[in-house]
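Visitor: Could you walk me through this one? I'd like to hear the reasoning behind the labels, too.

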Amino acid sequence: MQKQQQMKPNPKEDPRFLSSVERGFLVLDALSESTGPMSLTEIAKNTGLTVPTLQRLTATLVKAGYLEKEANSKRYGTTVKTVDLLFSYLSRNQFAKRAWPHLVKLREDLGLDVSLSVPAGDTMIYVHRLPGYSGNFENTLPGRKVPIHLSASGRCIMSLQDDEQVRQLLNVTNLTAVTPWSKTNPEEILVEISKCRELGFAVVKQETSAGTITLASPVTKGSDAIAGVSVHSPIAGQDESEFIAKTLQSVVAVSRALSM
């Protein structure tokens, strides 16, 4: 039975909504997705805000301690103070706490990278990422965002939605490739989501990180998927069928243990 679509209220119509606060977070979002410090012109291109507006916003964020300005290049980057926000979330989130021992055991059992990620709009954000082998440093950090349509956990999330919901999400998502193997054709993505819906798990090969194969299983709350548990392995010399046989049962057991 398909879920009925409900119209969500526009938050900007709320009289308590502050556009200035939203614009400040747009700046932080742009910098979080960048590979390095950004100029005001680059931030403007990414946020749609004007340079004069950004001059005021960045000055405020520098004073607040969340941004720093490079003296020579006049480019902006985030400071260590932003890490405190991640600590605040992880240390107080009961779901993240409950998941931790399960993920630690999963890593010990499989000897692979293990992660827990949650959806945020058109992205998946790693809440936990436990390294099990010597891989890419950035891939091991919590807080990393990956496009939901390329993520194995993201496809698990979408597999518990009906096709119309998935198409609506894909229509408003920037389907840009992250690697040469990323799927960007909506119909191809829908096929992968359909496979996940049928099998109960998803496998992604090199779509978010070159040289990596990932298997994920959804964590559910009622009939909705709220997160994904995944394991990651170097793809070199890895047979997909053997990878699935080795990891699937353990990953599904953890995702079920975390489901509500």
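What follows is a short chat about how some of the labels are earned.

Guide: Before we start, keep in mind that this is a predicted model.

Visitor: Fine. What makes Lys145 and Glu33 a salt bridge?

Guide: The rule asks for a side-chain nitrogen of Lys or Arg within 4 Å of a carboxyl oxygen of Asp or Glu. Lys145 and Glu33 have N to O at 3.0 Å, and that passes. Lys145 sits in strand β5 and Glu33 in helix α1, so the pair ties together parts 112 residues apart in sequence. The count by this rule is 10 salt bridges.

Visitor: Why is Glu33 called exposed, but Lys145 partly exposed?

Guide: Exposed means over 50% relative accessible area, buried means under 20%, and partly exposed is what falls in between. Glu33 has 55%, so exposed it is. Lys145 has 29%, so it gets the middle label.

Visitor: How do you know that Arg155, Lys183 and Glu207 belong to one network?

Guide: Look for the shared partner. Glu207 pairs with Arg155, closest N and O atoms 2.7 Å apart. Glu207 also pairs with Lys183, at 3.6 Å. Both values are within 4 Å, so both count as salt bridges. Salt bridges that share partners are what join these residues into one network.

Visitor: And which of them are buried?

Guide: Arg155 is at 1% relative accessibility and Glu207 at 2%; the cut-off is under 20%, so both count as buried. Lys183, with 24%, is partly exposed.

Visitor: Why is α1 called roughly perpendicular to α3?

Guide: Two packed helices are described by the angle and the distance between their axes. For α1 and α3 the angle is about 80°, with the axes 10 Å apart. Anything from 65 to 115 degrees counts as roughly perpendicular, so the label fits α1 and α3.

Visitor: What residues meet there?

Guide: From α1 there are Ser20, Arg23, Gly24, Val27 and Leu28, and they meet Thr53, Leu54, Leu57, Thr58 and Leu61 of α3. By class, that contact has five nonpolar, four polar and one charged residues.

Visitor: Over to strand β7, then. What makes Thr214 and His232 a polar contact?

Guide: Their side chains come to 2.9 Å, and the cut-off is a pair of N or O atoms within 3.5 Å. Thr214, in β7, has 8% relative accessibility, so Thr214 is buried as well. Pro218, also in strand β7, has 15%, again under 20%, so Pro218 counts as buried too.

Notes. Residues are numbered from 1 along each chain as its sequence is written. This is a predicted model: local features need pLDDT of at least 70, side-chain atom pairs count only at pLDDT 80 or more; totals for chains, interfaces and linings use all residues. Side-chain values use heavy atoms; hydrogens and water are left out. Helices (H or I, at least four residues) and strands (E, at least two) are DSSP runs, numbered from the N terminus. Buried means under 20% relative accessible area, exposed over 50%, partly exposed in between (1.4 Å probe, protein chains only). A polar contact is a pair of N or O atoms within 3.5 Å; within protein, one must be able to donate a hydrogen and the other to accept it, and residues adjacent in sequence count only if both atoms are side-chain atoms. Axes are lines fitted to C-alpha atoms, for helices over the stretch in contact, and angles run from 0 to 180 degrees between N-to-C directions. Angles under 35 degrees count as roughly parallel, over 145 as roughly antiparallel, 65 to 115 as roughly perpendicular and the rest as oblique. Contact means heavy atoms within 4.5 Å. Ala, Val, Leu, Ile, Met, Phe, Trp, Tyr, Cys and Pro count as nonpolar, Asp, Glu, Lys and Arg as charged, and the others, Gly among them, as polar.
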